Amino acid sequence: MTVAYLRDGAIDSASNLIAAPVPALSPAASFSQGAVRYLNDEAEVSRGEVRSLVKISLGFSAVMGIVFGGLVLALYKIGGNEAIQSLTYMGATQ
């Protein structure tokens, strides 16, 4: 047991035993166990939550792809081929 004397004169204590030792699983066994818990919908994160996050991520990626493509198209229409070449040259030198 750990005992601490606090500034106000009080005493605080705590056990040194954190938890009972758990037998270590191999990485493959741990992954398999997590996959089974996920498939049985017993994991910390439900399958519905994972599906929602995947949909949000795919939607965000699609929107960002459209925005980036629009910016490159606008750069090409305004600056022509030279603007695109200078942009690729700046990326290659950094």
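Trainee: How far apart are the mean positions of the positive and negative charges of the protein chain?

Mentor: Good place to start! In this predicted model, the protein chain carries 6 positive and 7 negative charges, and their mean positions lie 11 Å apart.

Trainee: And at the level of single pairs, how many salt bridges are there?

Mentor: The general idea is that side chains of opposite charge can pair when their charged atoms come close. Here the count is one salt bridge. Glu-44 and Arg-37 form it through their side chains, at 3.7 Å from N to O. Glu-44 is exposed, because its relative accessibility is 69%, while Arg-37 is partly exposed at 30%.

Trainee: What does the radius of gyration say about the overall shape?

Mentor: Set it beside the value for a compact globule: for 94 residues that would be near 12 Å, whereas this protein chain has 28 Å. Along the principal axes, the C-alpha trace spans about 75 × 45 × 25 Å. Buried residues account for 2% of the 94 residues.

Trainee: Which order do the secondary structure elements follow?

Mentor: Along the sequence the pattern reads β-β-α-α, giving two helices and two strands.

Trainee: Could we look at one helix residue? Where is Ile-84, and which residues does it contact beyond its neighbours within four places in sequence?

Mentor: Happily! Ile-84 sits in helix α2, which covers residues 47-93. Ile-84 counts as partly exposed because its relative accessibility is 21%. Beyond those sequence neighbours, Ile-84 touches Val-72, Leu-75 and Tyr-76. As for Leu-73, eleven residues away along the chain, its C-alpha atom is 9.6 Å from that of Ile-84.

Notes: Residues numbered from 1 in each chain as written. Predicted model: local features only at pLDDT ≥ 70, side-chain atom pairs only at ≥ 80, totals over all residues. Heavy atoms only, no water. Buried < 20%, exposed > 50% of the residue type's maximum accessible area, 1.4 Å probe, protein only. Contact = heavy atoms within 4.5 Å. Salt bridge = Lys/Arg side-chain N within 4 Å of Asp/Glu carboxyl O. Rg over C-alpha atoms; globule rule 2.2 N^0.38 Å. Lys, Arg positive; Asp, Glu negative; His and termini not counted. Charge placed at Lys NZ, Arg CZ, Asp CG, Glu CD.
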